[in-house]
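Here is a friendly walk through one fold, strand by strand. Please have the model open as you read.

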Amino acid sequence: MFSIEHEFDATVVTLVDEGAAPLQEDVVVSSFEECITVEQYDPVSDKMQKVTLSITQMRDLVAAVTLPEGVYTRTEDS
């Protein structure tokens, strides 16, 4: 299950793990004009962990999901 919220400065997608245990903590993806953040609560450290991706890194990640193993360079028109 997931939710989408449009806030003043970001679009926020929350991914909720469903199904058989063990389940993972929710993942919150926030899309800003200049970057994408991915956050997840870590019960071991009792803190939210955050990764920040540039827009270019996010575009590369989206492209990489459907490609076979290898090293690639993405052009602006792809």
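What follows describes a sheet, its pairings and the helix beside it.

This is a predicted model. Its strands form an open sheet of 5 strands, ordered S1-S2-S3-S4-S5 and paired in the antiparallel sense. Which strands stand at the edges? They are S1 (2-6) and S5 (47-54); each has a single partner strand, so one side of each is left without a neighbour in the sheet. On average, and ignoring direction, neighbouring strands are turned by 15° against each other.

Helix H1, residues 55-64, packs on this sheet. There H1 touches S4 (35-42) and the edge strand S5, and the direction of H1 makes about 90° with that of S5.

As general background, strands of a sheet pair through backbone hydrogen bonds, in either a parallel or an antiparallel way. Three of the pairings here can be set side by side, each with one pair of facing residues.

| Strand pair | Bridges and sense | One residue pair |
|---|---|---|
| S1 and S2 | 5 bridges, antiparallel | Ile-4 opposite Val-13 in S2 |
| S2 and S3 | 5 bridges, antiparallel | Leu-15 with Val-27 in S3 |
| S3 and S4 | 5 bridges, antiparallel | Val-29 with Val-38 in S4 |

To place these on the chain, S2 covers residues 11-15, while S3 covers residues 27-31. S3 therefore meets S2 through the bridge between Val-27 and Leu-15, and S3 meets S4 through the bridge between Val-29 and Val-38.

How many residues lie between S3 and S4 in their hairpin? The hairpin has 3 residues between these two strands.

Technical notes: Residues numbered from 1 in each chain as written. Predicted model: local features only at pLDDT ≥ 70, side-chain atom pairs only at ≥ 80, totals over all residues. Heavy atoms only, no water. Pairing = 2+ DSSP bridges. Helix = DSSP H or I, 4+ residues; strand = E, 2+ residues; numbered from the N terminus. Axes fitted to C-alpha atoms, helices over the stretch in contact; angles between N-to-C directions. Contact = heavy atoms within 4.5 Å.
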